[in-house]
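Visitor: I am new to this structure and would like to learn how to read it. Could we go through it feature by feature?

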Amino acid sequence: MLKGDFIGVKEDANVFVLEKRFAVKETGRAILRATALGLYFAELNGARVGDAFLTPGWTSYNKMLQVQEYDVTPLVKAGENVLSFTVGEGWYKGRLTWVSKTCLYGEKSAVCAELTVNGAAVAETGADWTARESAIRFSGIYDGETVDLTCDRKALTPCVVAFDKSALAEQIGGYVRNTERLAVKEVIHTPKGELVYDFGQNIAGVAEIRTPENFDGTIVMRFAEILVDGNFYTDNLRSAKATDSFTAKGAHTFSPEFTFHGFRYMKMEGAELPAESVSALVRHTDMERTGLIETGDELFDRFFQNVVWGQRGNFVDIPTDCPQRDERLGWTGDINAFCRTAAYNYDIRAFMKKWLADVRNEQTETGEIPHVVPDALGWHGADALWSDAAVMIPWTLYQMYGDISFLSENFAMIKKYLAAKEANTENGLVVRGHEYADWLALDGEKFKDNIRGRTDRKFLTSVFYAADLKIAADIAAVLGDSSEKGYRRRREEVISAIRAEYVTPNGRVASDTMTAQALALHFDIVPQECKPALVQVLAENAAAHEYRVTTGFSGTPFLLFALADNGCFDTACKILMNEEYPGWLYEVKMGATTVWERWDSLTPDGKPNPDGMNSYNHYAYGSVMEFVYRRVAGIEAAAPGFEKIKVAPRPCEGLARLRAEYDSVRGKICSSYECKDGKIVYRIRTPEGVPAQICLPGEAPIETDGGEFTYERAADGLPVG
Ligand code: BGC
């Protein structure tokens, strides 16, 4: 499918350039197809090809290596042409994970490419190419890039690198691009005397600088998410050096190619450039924006923006935990928590399709799912929320997009995974296996390394098992697979086993955390008739915690749904709108411009949590925005892919107005409410020709066939303001 050899260099070069001169008699439609073991960018006659970065992205390369295609018609000329590739190590062989693994996929970086003009090959990679050093002297995902425009670039020796081309695949995912440029908000001279540029927003990306004509030297840039006591702070990057260095003479514009940083602040040494010569380039997978929430409440709107920025910062070719430290891995639990919110915010179909292909590729023989995909750690299991991503994410994507291939492509993996999960059970309860449990919940006893919350781990994972079984049965029903009945039966057995072990006859749950109570409600672990009593217990629990959030990764995505869907919408809203520590808006009040990893990543005194592991750009807790889209704005897929739409707005105490839009695959849906002068006005718009049910609070549903609707009601009893 792709002609040409994979070629690298014999020498041990971190970055190198391969080049070929070739003649073209007649110009015409010119197509370059390329991929690399490592990262590459191509230049044709000195012009950079395309606007994508970090190609070919990160996949489990030995199983799937994406090939990119570029239309280079305008760049090819009649006569002599030069095609070159600059190749870096990237994820293929560069340093990865906090234990600094290198050469995860292979020992040698290489590129493979073919260029055709009017369908005929005019150049393809082979041993006849020339090689030399690059002005990029070093580049690493975690450590940054060193560029020296003044250095000699020695000749290197090209060589063919063996690679099994059966792993080659068409590009499925989107492309990473520089999607936005941010100007410097403030130039800061810190108490320690550091020169720091503040871009006002925590992003994934790089800085771009312009040196003046009279420049002669080296500029070193470091990157940080926060200032502590006004000073530049990088402890939370752990071993990631996140340092770019640029040596040049004269006027040049510089931004690194093969890296990205998670930062808001950039510290500069070696020069003091004016703010106009410095900017930040936001770098992540380019996706169509589909969702919007706006309320006029400053804190809340900033929080929504933080969730969106959290997605942008962590959708860098794969869904990552964080973009700044020596991690940036495809943690399955994090994206499982955040997936539906992500799908409201952006069209994530291509992005997730590509990642799910790797989840399948990386599933173990015994059916276990790695904790990070691509599997850079070699850890796998049947962990609640984390490994369950293999089941829950395809289902979520099917609900959002109606694309049945999310189910058909993944059902074999799901079945195999559930067999692995079943192997961890005894009498219907999960009793074995590793668990991250309610990761980072604040409800446990505070002693060293207690980061998994207080919820009974085996209860939690048994509940997730029951949830998986329901999804598997529903998928089987959609696909007409004979396993449906078996999964339903097993789910009943698992639920009975959980009830027998953990639920009292009146519906109290043995594990008394908010997470346990929320999960028991949300996943129908307690019988329907016990739900009113249990939701009361949960609401009291929330009140006793003054509506602060203490749930972790596994409980948080379901907490507000459990309350709202069982008659305690107001309690859900109180938790959502709580501004005190810990809570979503607390972070905003503390100056967050993205969502933090821990509720207490900054403690109320403005200091980083002394226990470490503080990322200021982790999307997992941003998963609550799903609740706002689906239960406050009330925009819901009543049938997969919004074939049928439900709009059920419910005013949230503390938000006098709210406007949400979602550009579904069936067209744009808008839902808004506004409380004014004792009245409440709902404005709803759904695509023409798509059946839509509108449900106003306390009223019978109105069936429509799309259109624009305005309803004015008395605001009595609605505690909005
Ligand atoms: C990551 C997480 C991840 C967790 C699992 C952390 O280091 O940043 O977000 O899900 O480990 O335990």
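Visitor: Which residue in β35 does G291 stand opposite?

Guide: This is a predicted model. In general, strands of a sheet pair through backbone hydrogen bonds, either parallel or antiparallel. Here, G291 faces Y662 in β35. The two strands involved, β26 and β35 (residues 657-664), run antiparallel and are joined by four bridges.

Visitor: In what order do the strands of the open sheet come?

Guide: The order is β26-β35-β36-β37-β40, five strands with antiparallel pairing. β26 (291-294) and β40 (707-714) are at the edges; each has a single partner strand, so one side of each has no neighbour in the sheet. From one strand to the next, the twist averages 5°.

Visitor: Now a hairpin. How many bridges pair β17 with β18?

Guide: Four bridges, in the antiparallel sense, link β17 (residues 186-189) to β18 (residues 195-210). One pair to look for is H189 opposite L195 in β18. Five residues lie between the strands of this hairpin, and G193 takes a positive phi near 90°.

Visitor: Let us turn to the ligand. Which residues are around it?

Guide: They are D321, R325, E327, W331, D334, W386, Y436, W439, F553, E597, M613 and H618. Sorted by class, this shell has six nonpolar, one polar and five charged residues.

Visitor: What distance separates an oxygen atom of the ligand from an N or O atom in the side chain of D334?

Guide: For the D334 side chain, the distance is 2.5 Å. In the case of D321, an N or O atom of the side chain is 2.7 Å from an oxygen atom of the ligand. E597 has a polar side-chain atom 3.4 Å from a ligand oxygen atom.

Visitor: How much of the ligand's exposed area does the protein bury?

Guide: Taken alone, the ligand exposes 310 Å², and the protein buries 96% of that.

Visitor: Last, the whole chain. How many helices and strands are there in the protein chain?

Guide: The protein chain has 15 helices and 40 strands. Along its principal axes, the C-alpha trace spans about 80 × 60 × 55 Å.

Visitor: How does the radius of gyration of the protein chain stand against that of a compact globule?

Guide: The idea is to set the chain's value beside the one expected for a compact globule with the chain's number of residues. For 721 residues, that expected radius of gyration is near 27 Å; the protein chain has 27 Å, so the two agree.

Key. Residues are numbered from 1 along each chain as its sequence is written. This is a predicted model: local features need pLDDT of at least 70, side-chain atom pairs count only at pLDDT 80 or more; totals for chains, interfaces and linings use all residues. Side-chain values use heavy atoms; hydrogens and water are left out. Two strands pair if DSSP finds at least two bridges between them. Axes are lines fitted to C-alpha atoms, for helices over the stretch in contact, and angles run from 0 to 180 degrees between N-to-C directions. A residue is near a molecule or strand if one of its heavy atoms lies within 4 Å of it. A polar contact is a pair of N or O atoms within 3.5 Å; within protein, one must be able to donate a hydrogen and the other to accept it, and residues adjacent in sequence count only if both atoms are side-chain atoms. Accessible areas come from the Shrake-Rupley method with a 1.4 Å probe; for residues, only the protein chains shown count as cover. Ala, Val, Leu, Ile, Met, Phe, Trp, Tyr, Cys and Pro count as nonpolar, Asp, Glu, Lys and Arg as charged, and the others, Gly among them, as polar. The radius of gyration is taken over C-alpha atoms; the globule rule is 2.2 Å times the number of residues to the power 0.38.
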